[in-house]
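Hi,

Here is the structure I promised to pass on. Have a look at it first, and then read on for what turned up.

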Amino acid sequence: MKRTYAKVIVDVPAQAVDRLYTYAVPTHMAVVAGVRVVVPFGPRTVTAIVRAVEADSEVAKVREIREVLDTEPIVSMQMFRLAEWIAREYACTMAVVLSTIVPRALKAIAQERLTVSDQARAWIEDPFSVHIDAFTEHEAHTAACIVRTVAAHEPMERSVLLAHQDVSHIVQLHAWVRRGIAAGWLVASMDTHDRVRVKKETIVVPLHDAAALSELAQQTRVRSPKQAAVLDVLAGAADGMPWRKRDIEGACPASSSALRALAHKGVVRLDVREVWRDPYDSVHVEASAPPLLTDDQRNAVQTISIAVQRHDPEVFLLHGVTGSGKTEVYLHAIEACMMSGREAILLIPEISLTPQMVRAFKARFGDRVAVLHSHLSPGEKYDEWRKIATRRVCIAIGARSAIFAPFLNVGLIIVDEEHESSYKQEDAPKYNARDVAIKRGELHSAPVVLGSATPSLETYARALRNARTHITMHERINNRCLPPVEVIDMRKELQQGNRSMFSRALKQSLHDTLQKKEQAMLFLNRRGYANFVLCRDCGYVPMCPHCDVTLTDHRVDRQLRCHYCGHHQPTIDVCPHCAGDRVRHFGSGTQQVEEQLRTLFPDVRALRMDVDTTSQKGAHERLLAQFRERKADVLIGTQMIAKGLDFPALTLVGVMSADTALRLPDFRAAEKTFQLLTQVAGRAGRHALEGHVIVQTYAPEHYSIAYAAKHDYDAFARTELAVRAELGYPPYRRIALVTVSGPDVADAMRTSEAFAYALREAIANTPHIALLGPVPSPIPKIKDRYRFQLLVKAPHDTAIAPMLKAVVAAHAEEAHKRDVQMHIDIDPHMLG
């Protein structure tokens, strides 16, 4: 058989090795593009993904693949092309992109295992019977100790040996193990396996009827009481009914040996079957019939369905006000996609929205839905991914990583709340799932629907250029009105003697809402209790020792916490600098809102949803279920409650501070403020009960707040687009952010200046590109690393990613010597 050669992408994220490597395929191996393999790479053994298999090699001397980990490809050709586009577009390596596409559960673990050679086994009995090396007496006993330990546990992982108590007394144990492998009395081999494996369970199948089992139980009760106990359990059920082994062990004091003995006698059969881990197995969902559509919904479904049938990779903006029924449009469009024999992907921005969306889709489509998000266990993620890969399902729902669901025949991609910044990944690869969705739709000839009541200005500007793809839904279901918004000027509240964080109007509205047994939502996009703590005697403010930020007070556990690096320390009542006791808390967070709400209304049933209360698995669904079931009167939370949620009894929404994001050094500050206010206001009055929204602010005259109060997206967009055009920001220009960081401020600054000089030379002959900086980042130090940044503005038709990538590569070696890192962020959502 003629030898073939595989071109692979090694799982090493370094820029220096970002290319294809050629390996020979042993004749006994079956290797195809898309499978994982184990290969030697320098002195190491690493995993790699096969990009192509060829008949010839351009490289004269090649090494062989050591192991194939998959029988079927885990990366398709379309996914390879998508990965290559992401690597180009976002200036990163293919290894980094593939590590995002392939779930962590499929990241192979390579472990070195040790066994004892045949000639060294004699040492177990007599350390002096074999002399491989010129050992002293002490060295011979040391070698024999190692050999005995390995032989007792072989094959033994090297890491286990190094930590084993029987050899813990040996000095330079690492060197001894290397010496043993080199001399041949220890044999090393690599074992590679997935981090998560298929879950299996044992099923006990009775091979006799109940009467025969009862008789056997009586015959064995004295001689084998454990076997008799198992037989009693089996005899008490219907004839031939299979049992899970763990259920039998829970019902009687049976041991595995008793079951094995009964199987050996032919009384039962032990079958092993695969168990699919289902994160929503315990959630009961009743099937639902689709409701009658409104005219707007019907027009939207028809437009999208035609594109699905024509395999037209059109990008639609589904621009519907809050409560207009966009979810029902998604359901109907996906049904049309399924009827055409193709698969659909639905992206949602917040994990908090997952339970509600999953319920809606499982009610309509049953078990044809898979769910992918970060709060699943590794085993659940693995099984949900395999359900998609093996075509057991045809719909994938999840956060941004669900865009990489391993479907082969995608017919429709929907991005709900497409404006959300959570679709932008902050770690490499710094992709935007919305833009990746558009590219994947192009590769699969599938339409993409971008849904939002407050679309991003980039998406809105694109839709304005092509009216055919701009689908609008101006009315709420059943012609319900959008809730009136009352803007409260907190400056006047203060002037009139109200120092509370609750305006008089909000207090009265809360009182009325609770009296009517309706529900309210209080929104503040800042967790914790207070922004910072200050001593009013000496001015001391507790700062994070690792970041240039103040510590946030968390009253629940009396800790001061850094929201950037996780550092925490006990809160203070007495100043550690001057011993003064006039320590005060400034600013407010969700914990303080909850505390003051309970002070105003002692009998209120309140729930709080933020990162602190939703860190445990299932917390989102549990809290939302309590609110949905009317077990709470008020829901307090951050942005995770601001969008997509639908509660029939929710009539009052209170925005505690509309100014949280408005004054940040971010050109998107006004847009984010408008979007958040509009979205959270849209939670009120979505059903029969009328809603009311109260927005508290110190800047009621700002256009983002004024237009949000009027629910006037078009007017806001016109105003903000004019500002963007004047300043040269998206959607009129593309931007890229380069962040340089290092443990030494001087090294980081010098590297950023050298990078800026080289980049200015590189763009000298390219028109209309602007470079701003380097300047210190808005937060100059995070996690003990000093940060500088450069901002690049360029026309849309300029390929800025390859240019930036080349300049970074030219400085990489010198930067590495000083532990300086350079990160490129194309189309950043945060400037700093």
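Before the aromatic part, one definition: rings of Phe, Tyr and Trp (for Trp, its six-membered ring) count as a pair if their centres lie within 6.5 Å. With that in hand, Tyr 460, Phe 674, Tyr 703, Tyr 713 and Phe 716 form one aromatic cluster. Do keep in mind that this is a predicted model.

**Aromatic pairs**

There are 12 aromatic pairs in the structure. One of them is Phe 627 with Phe 647: the ring centres are 4.9 Å apart and the planes stand at 90 degrees, so this pair is edge-to-face. It links distant parts of the chain, with Phe 627 in helix H19 (residues 619-628) and Phe 647 in the loop between strand E28 (634-637) and strand E29 (650-655), 20 residues apart. Both Phe 627 and Phe 647 are buried.

Phe 674 and Phe 716, two members of the cluster, make another kind of pair. Their ring centres are 4.4 Å apart and their planes are at 0 degrees, so they are stacked. Phe 674 belongs to helix H20 (residues 669-681) and Phe 716 to helix H22 (residues 713-727), so the pair ties together parts that are 42 residues apart in sequence. Again, Phe 674 is buried, and so is Phe 716.

**Charges over rings**

Two spots to click on here. The charged end of Arg 386 sits over the ring of Trp 276, 4.3 Å from the ring centre. Likewise, Lys 793 has its charged end over the ring of Tyr 729, 3.9 Å from the centre.

**A sheet with two helices on it**

Further along the chain, which order do the four strands of the open sheet follow? They run E32-E33-E31-E34, with antiparallel pairing. Strand E32 (770-782) and strand E34 (821-826) are the edges, each pairing on one side only. From one strand to the next, the twist averages 20 degrees.

Strand E31 (residues 734-742) pairs with E34 in the antiparallel sense over six bridges, and Leu 737 stands opposite Asp 825 in E34.

Helix H23 (residues 745-762) packs on this sheet and touches E31, E32, strand E33 (785-794) and E34. The direction of H23 makes about 15 degrees with that of E33. Helix H24 (residues 800-817) packs on the sheet too, touching E31, E33 and E34, and its direction makes about 170 degrees with that of E34.

Over to you!

How values were computed:
Residues are numbered from 1 along each chain as its sequence is written. This is a predicted model: local features need pLDDT of at least 70, side-chain atom pairs count only at pLDDT 80 or more; totals for chains, interfaces and linings use all residues. Side-chain values use heavy atoms; hydrogens and water are left out. Rings of Phe, Tyr and Trp (its six-membered ring) pair if their centres lie within 6.5 Å; planes under 30 degrees apart count as stacked, over 60 as edge-to-face and the rest as tilted. Helices (H or I, at least four residues) and strands (E, at least two) are DSSP runs, numbered from the N terminus. Buried means under 20% relative accessible area, exposed over 50%, partly exposed in between (1.4 Å probe, protein chains only). A charge sits over a ring if NZ of Lys or CZ of Arg is within 6 Å of the ring centre and within 35 degrees of the ring normal. Two strands pair if DSSP finds at least two bridges between them. Axes are lines fitted to C-alpha atoms, for helices over the stretch in contact, and angles run from 0 to 180 degrees between N-to-C directions. Contact means heavy atoms within 4.5 Å.
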